[in-house]
Amino acid sequence: RTQDGLQNNISPRKVGGFKERNYGTFARAKLLWEPTDGFEAELSADYSHLFDYDSSAARQIQPNATGFALGGITGTKPHQVALGNQVGQTIDQYGASLKVSYEMGFANFVSISGYRETKQDILFEAGATDVVVIQANPSPTRSKQVSQEFQLLSDAGSPVTWILGAYYFHENQKNDPYYQTVRVFSPVAGAITAVDNATFASQKT
């Protein structure tokens, strides 16, 4: 799925491959196995990739901004921006689950296992001009989830309907609250030195 973004980028400095559209890719698959009566296993998997260009596009309204001093421009109308480097939010998710059902005669046994992983990045040009001054990824997030559920259910012909179960869930999430890429400008030589991936703080939950 692809759609035009709300922003119009007027910068002549756009790097190669600059994306100015919001788009998404989705996929899902299932596999069912029934080797005997009373036993079945269903494996399902899914994947999604989302890119949102509009979420990180901004205009610079401060006349003394560093980007202007370095020859940069910005948008002058609503929904108009000037960005030389890629901005946007990217979310990747993929997961899988396995459901196993077995008829035991006196009861039915069900096992449901799941795994999911999520990656989220937000690229944002803090200078809001088409000269890259500070490109930030304010909150890159990585998440992994594992779950397991067991059920023991009464048979369909049982005079009493009952269910026993147990559930386990574990999530490991890592988030860097302030992660940015900085370009340092030398006022003497006019050179540009890239200082990449400077992580200033991190936390893990």
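**Exercise 1. In which strand does glutamate 171 lie?**

Let us warm up with a single residue in this predicted model.

Step 1. Look along the chain for residues 163–185, which form strand β10; glutamate 171 lies in that strand.

Step 2. Now check how open the residue is. Glutamate 171 has a relative accessible area of 32%. Partly exposed covers the range between under 20% (buried) and over 50% (exposed), so glutamate 171 is partly exposed.

Step 3. Finally, find lysine 144. Along the chain, lysine 144 and glutamate 171 are 27 residues apart, and their C-alpha atoms are separated by 5.6 Å.

**Exercise 2. Describe the overall build of the protein, beginning with its helix and strands.**

Step 1. Count the elements: the protein has one helix and eleven strands.

Step 2. Put them in order. Along the sequence the pattern reads β-β-β-β-α-β-β-β-β-β-β-β.

Step 3. Turn to burial. Of the 205 residues in the protein, 32% are buried.

Step 4. Consider the surface as well. The accessible surface is about 12,600 Å², and carbon and sulfur atoms account for 56% of it.

Step 5. Ask how far the contacts reach along the sequence. Among contacts with a separation of 6 or more, 64% are between residues 24 or more positions apart.

**Exercise 3. Find the salt bridges, and say for each partner whether it is buried or partly exposed.**

Step 1. Begin with the rule: a side-chain nitrogen of Lys or Arg must be within 4 Å of a carboxyl oxygen of Asp or Glu. The count by this rule is two salt bridges.

Step 2. Take the pair of aspartate 46 and arginine 116. Their closest N and O atoms are 2.8 Å apart, and the two residues form a salt bridge. This pair ties together distant parts of the chain, with aspartate 46 in strand β4 and arginine 116 in strand β7 (residues 107–125), 70 residues apart.

Step 3. Judge the partners. Aspartate 46 has a relative accessible area of 18%, so it is buried. Arginine 116, at 27%, counts as partly exposed.

Step 4. Move on to arginine 142 and aspartate 121, which form a salt bridge with their closest N and O atoms 3.1 Å apart. Here, too, distant parts of the chain are linked: arginine 142 sits in strand β9 (residues 141–154) and aspartate 121 in strand β7, 21 residues apart.

Step 5. Judge these partners as well. Arginine 142 is partly exposed at 34% relative accessibility, and aspartate 121 is partly exposed at 21%.

**Exercise 4. Name the residues of the negative patch and of the nonpolar patch on the surface.**

Step 1. For the negative charge, look for Glu34, Asp37, Glu40 and Glu103, which gather in a patch on the surface.

Step 2. Pick out one member, glutamate 40. This residue is in strand β4 (residues 39–52). Patch members need over 30% relative accessible area; glutamate 40 has 32% and is partly exposed.

Step 3. For the nonpolar patch, find Tyr47, Tyr94, Tyr115, Val146 and Tyr168, which make a patch of about 450 Å².

Step 4. Again choose one member. Tyrosine 115 lies in strand β7, and with a relative accessible area of 33% it is partly exposed.

**Exercise 5. Compare positions in sequence and in space for leucine 50 and proline 12.**

Step 1. Locate leucine 50 in strand β4. At 29% relative accessibility, leucine 50 counts as partly exposed.

Step 2. Trace from leucine 50 to isoleucine 91. The two are 41 residues apart in sequence, while their C-alpha atoms are 5.2 Å apart in space.

Step 3. Locate proline 12 in the loop between β2 (8–9) and β3 (21–36). Its relative accessible area is 69%, so proline 12 is exposed.

Step 4. Trace from proline 12 to glycine 84: 72 residues apart in sequence, and 7.5 Å from C-alpha to C-alpha.

Step 5. Check what proline 12 touches. Setting aside neighbours within four places in sequence, proline 12 is in contact with Ile73 and Asp130.

Note on methods:
Residues numbered from 1 in each chain as written. Predicted model: local features only at pLDDT ≥ 70, side-chain atom pairs only at ≥ 80, totals over all residues. Heavy atoms only, no water. Patch = residues over 30% accessible without salt bridge, like charges linked within 9 Å, V, L, I, M, F, W, Y side chains within 5 Å. Areas by Shrake-Rupley, 256 points an atom, 1.4 Å probe, with all protein chains shown as cover. Lys, Arg positive; Asp, Glu negative; His and termini not counted. Charge placed at Lys NZ, Arg CZ, Asp CG, Glu CD. Helix = DSSP H or I, 4+ residues; strand = E, 2+ residues; numbered from the N terminus. Buried < 20%, exposed > 50% of the residue type's maximum accessible area, 1.4 Å probe, protein only. Contact = heavy atoms within 4.5 Å.
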